[in-house]
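Here is a short, friendly walk through one protein model. Take a moment with the sequence and the 3D view before reading on.

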Amino acid sequence: MNQSRVVIAGTVVGAVIGAAATYLFYTDAGKHVRERLEPAVDDLRREFTRFQKTIEKLGEMANDGIRV
């Protein structure tokens, strides 16, 4: 991919992200979407934390197994 295509792709991605942020933070409909997404994001964060703790426990078990 040549450099001009990378620049154009970056510009388009930036514009899309900016438009989405503007919609979510500066419109009433965006506020409604954020209110609906927030509990799902919180649930996802909790699940990720639980998953992370599970991975840590697996790592500890593996280390214990190596020591034995």
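What follows goes from the overall form to one helix and then to a patch on its surface.

Please keep in mind that this is a predicted model. The protein contains two helices and zero strands. Its overall dimensions are gathered here.

| Property of the protein | Value |
|---|---|
| Radius of gyration | 21 Å |
| Span of the C-alpha trace along the principal axes | about 55 × 40 × 10 Å |
| Accessible surface | about 6,300 Å² |

For comparison, a compact globule of 68 residues would have a radius of gyration near 11 Å. Buried residues account for 1% of the 68 residues. Of the accessible surface, 63% belongs to carbon and sulfur atoms.

Now to helix α2, which covers residues 28-67. How far apart are the end C-alpha atoms of α2? They lie 58 Å apart, and this agrees with the expected span, because 40 residues at 1.5 Å a residue should cover 58 Å. The helix also has a bend of about 30° at L37, with a proline, P39, following within four residues.

On the surface, F48, F51, I55, L58 and M61 make a nonpolar patch of about 550 Å². One of these residues, I55, is found in α2. Is I55 buried, partly exposed or exposed? Its relative accessibility is 42%, so I55 counts as partly exposed, since that class lies between the 20% limit for buried and the 50% limit for exposed. As helpful background, an α-helix has 3.6 residues a turn, so residues three or four places apart point the same way.

Conventions:
Residues are numbered from 1 along each chain as its sequence is written. This is a predicted model: local features need pLDDT of at least 70, side-chain atom pairs count only at pLDDT 80 or more; totals for chains, interfaces and linings use all residues. Side-chain values use heavy atoms; hydrogens and water are left out. Patches are made of residues with over 30% relative accessible area and no salt bridge: like charges are joined within 9 Å, nonpolar side chains (Val, Leu, Ile, Met, Phe, Trp, Tyr) within 5 Å. Accessible areas come from the Shrake-Rupley method with a 1.4 Å probe; for residues, only the protein chains shown count as cover. A salt bridge is a side-chain nitrogen of Lys or Arg within 4 Å of a carboxyl oxygen of Asp or Glu. Buried means under 20% relative accessible area, exposed over 50%, partly exposed in between (1.4 Å probe, protein chains only). The expected span of a helix is 1.5 Å times one less than its number of residues. The bend at a residue is the angle between axes fitted to the seven residues ending there and the seven starting there. The radius of gyration is taken over C-alpha atoms; the globule rule is 2.2 Å times the number of residues to the power 0.38.
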